[in-house]
Amino acid sequence: QVQLVESGGGLVQAGGSLRVSCAASGLASSTYDMAWFRQAPGKGREFVAAISWSGGRTYYVDSVKGRFTISRDNAKITVYLQMNSLKLEDTAVYYCAAGRTSSSNYRDYRYWGQGTQVTVSS
């Protein structure tokens with residue numbers, strides 16, 4: 001019943017901006033916290049940001065603080081990641097995830113989307 005679908009990825013120049021979205025179906029907004037992870041080729045899945053639906057709290061990995069913003073639209077059960085001042089090292093497949101608590105550990109999330117590619121060029 002639960003499905004997460006990411007969209008909005010693409011090619012962007014360094015210093016530019018991009019917003020990726022994750023639409024959830026079969027998932028109550030008050031039941032799960034949401035997060036964004038990313039994975040570059042040959043690397044492990046890295047935590048990027050998380051948001052608590054009930055508390056409105058947000059969390060970010062240090063490397064994206066001040067540049068990325070996670071937000072939610074509970075009416076549409078959708079989570080967003082606004083990415084500004086993009087750097088080459090931000091290039092990765094970005095995944096959204098749903099879990100019982102906000103965590104930086106990918107193993108704490110039960111549901112995952114298929115990912116959307118974000119490529120930052122010079």
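A single disulfide was assigned in this predicted model, the count coming to 1. The link is formed by C22 and C96, whose sulfur atoms lie 2.0 Å apart, which places the pair within the 2.5 Å limit for a disulfide. The dihedral angle about the S-S bond is 55 degrees, and the link of C22 and C96 is accordingly described as right-handed. C22 belongs to strand β3, whereas C96 belongs to strand β9 (residues 92-99), so the disulfide ties together parts that are 74 residues apart in sequence.

Both ends of the link are enclosed by the protein. C22 has a relative accessible area of 0% and is therefore buried, because burial requires a value under 20%. For C96 the relative accessible area is likewise 0%, and this residue is also buried.

Strand β3, which carries C22, is also part of an open sheet of 4 strands. The strands of this sheet follow the order β1-β3-β8-β7, and their pairing is antiparallel. The edges are occupied by β1 (3-7) and β7 (68-73); each has a single partner strand, so one side of each is left without a neighbour in the sheet. From one strand to the next, the twist averages 15 degrees.

Within this sheet, strand β3 (residues 18-25) and strand β8 (residues 78-83) run antiparallel and are joined by 6 bridges. One of the residues with a bridge partner in β8 is A23, which is matched with T78.

How values were computed
Residues numbered from 1 in each chain as written. Predicted model: local features only at pLDDT ≥ 70, side-chain atom pairs only at ≥ 80, totals over all residues. Heavy atoms only, no water. Pairing = 2+ DSSP bridges. Helix = DSSP H or I, 4+ residues; strand = E, 2+ residues; numbered from the N terminus. Axes fitted to C-alpha atoms, helices over the stretch in contact; angles between N-to-C directions. Buried < 20%, exposed > 50% of the residue type's maximum accessible area, 1.4 Å probe, protein only.
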